[in-house]
Amino acid sequence: MSVKVGQAAAAPAFDKAARSALGNTQLRHNVRNATDVIRARRAHAVAETLDWQQLRDSARAIKDHVLRHLAGYLEQFETACAAAGGKVHWARDADEANGIIVDIVRSHNAREVIKVKTMTSDETALNAALEAAGITPIETDLADLIIQLGADKPSHIVVPALHRNKSEIRRLFMEKMHLQDLGERAEDLTAAARRYLRERFLRASVGFSGANFAIAESGSLCVVESEGNGRMCVTLPKVLISLVGVEKIVPTFGDLEVFLQLLARSATGERMNPYNSIWTGVTPGDGPQEFHVVLLDNGRTGVLADAESRATLACIRCGACLNICPVYRQTGGHAYGSIYAGPIGAILTPQLQGMKHSRSLPYASTLCGACLDVCPVKIDIPSILLHLRHKVVKAHGAPLSERLAMKAAARAFSKGKKLESAQKLVRIAQKPYVHDGVISRLPGMLGSWTRFRDLPQVPAESFRQWWAKRQSKETL
Ligand code: SF4
């Protein structure tokens, strides 16, 4: 089995990629503006939902229950889906999933596939596999279409083209859609995309989707979206293929009541997504007449086996943790080197494809805890980040500078006398760098710390010395 998450295995370490992203002021401006808008909308939608905390608790309880009984629910889903006329396939990894999908498309002699936005197919790099087989994938979600036409990479799990502004999109559409002129208003851009896609919707014989939720009791899938393109992809073609991560299971139709309220508000600040498509198997004369579900593992059972980080699989991909994260808001999504960016990407990518490739990601966080505060399923991302950092250090050791610093600190703290001597040394060494009571510029490697913040100086006397002096004054 070979697990992969897009191109993440070949991506540079986060700190290197982040450095170049920080130099791109246009990108930072675009990301800040877009996340500010979504955050404000989310805050408003959450504030008016009086049972918000109870909804979060319920969602987490459902997800924890499913993860404890996942095998049983997956089998229940398979039985119900087959009974309704669907066919379930099991894929251990990305290549196996892509192979199954390519074979189905080929068996219908189809040359094109229309696609609904799905991060899972970006995870398996499905588009590259389809193209290699001579099949053209057509992204129909506006943001994914922008990414596809620009040969770009997604930078956000809900708004993949969040790093692009309207003028950039206008230029891209004019070039790729061969348009002489195009307005810059959002309506002009969406109208151009609609014209470009409409004909493709009508001629495609195979549709492709992911799923936000897979309902075990009925074998149904649910996709939520805002543009209506998803509804067309899952209803117009003769054949429909859906790629679904095994963690997307919910036990009953009734559970959607909880998740649909949380997802829309957390993702886009809406009370409800404009389009909620739920379908079960096939119905003669109505919609696709052949329906395949590919259930994807690709490292998920490995995550499930680790009790301390298992909650990662409870994620409903709302993107709220990205919008609030101070690191993501500065670097944007590409620095994470994975299709899963932000705090959820920092814990999901290294766990899915192994810590060997993405060991810098658990450090892409200030551990401020804002992601936990907004997460609709209460995933304790900071604790999982610490757990993963511990794994990185255990497997690869800490960086040399950190090890030397810790050794020196251990020596200094081992005896009171040694600590006093160390303090004396530091008091002498710090003198040239102290201005107005703080150290604001250090030389060499230490300068990385003072480049962005001040360091308090070591005080003239330690607490112990101050206390001893006070005691002797009192006894006099
Ligand atoms: S971790 Fe939580 S906040 Fe982040 S995308 Fe997943 S559900 Fe949303």
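Trainee: Does His156 count as buried or exposed?

Mentor: In this predicted model, the relative accessibility of His156 is 1%. Buried means under 20%, so His156 falls in that class at 1%. The class of His156 is therefore buried.

Trainee: Where along the chain is His156 found?

Mentor: Two helices frame the position: α8 covers 142–149 and α9 covers 166–176. His156 is found in the loop between α8 and α9.

Trainee: Which side chain is joined to that of His156 by a polar contact of 2.7 Å?

Mentor: The side chain of His156 has a polar atom 3.0 Å from the backbone nitrogen of Val159, but that partner is a backbone atom. Leaving aside residues up to four places away in sequence, His156 touches Leu162, Gly319, Leu322, Asn323 and Tyr328. The side chain joined to His156 at 2.7 Å is that of Asn323.

Trainee: Do Cys315 and Cys318 count as buried or exposed, and how many disulfides does a search of the whole structure find?

Mentor: Cys315 has 8% relative accessibility and counts as buried. Cys318, at 7%, also counts as buried. A disulfide requires two cysteine sulfur atoms within 2.5 Å. The number of disulfides found in the whole structure is zero.

Trainee: What percentage of the residues of the chain count as buried?

Mentor: The chain contains 22 helices and 13 strands, and its C-alpha trace spans about 100 × 55 × 45 Å along the principal axes. Among contacts between residues at least 6 apart in sequence, 74% join residues at least 24 apart. Of the 476 residues, the portion that counts as buried is 49%.

Note on methods
Residues are numbered from 1 along each chain as its sequence is written. This is a predicted model: local features need pLDDT of at least 70, side-chain atom pairs count only at pLDDT 80 or more; totals for chains, interfaces and linings use all residues. Side-chain values use heavy atoms; hydrogens and water are left out. Buried means under 20% relative accessible area, exposed over 50%, partly exposed in between (1.4 Å probe, protein chains only). Helices (H or I, at least four residues) and strands (E, at least two) are DSSP runs, numbered from the N terminus. Contact means heavy atoms within 4.5 Å. A polar contact is a pair of N or O atoms within 3.5 Å; within protein, one must be able to donate a hydrogen and the other to accept it, and residues adjacent in sequence count only if both atoms are side-chain atoms.
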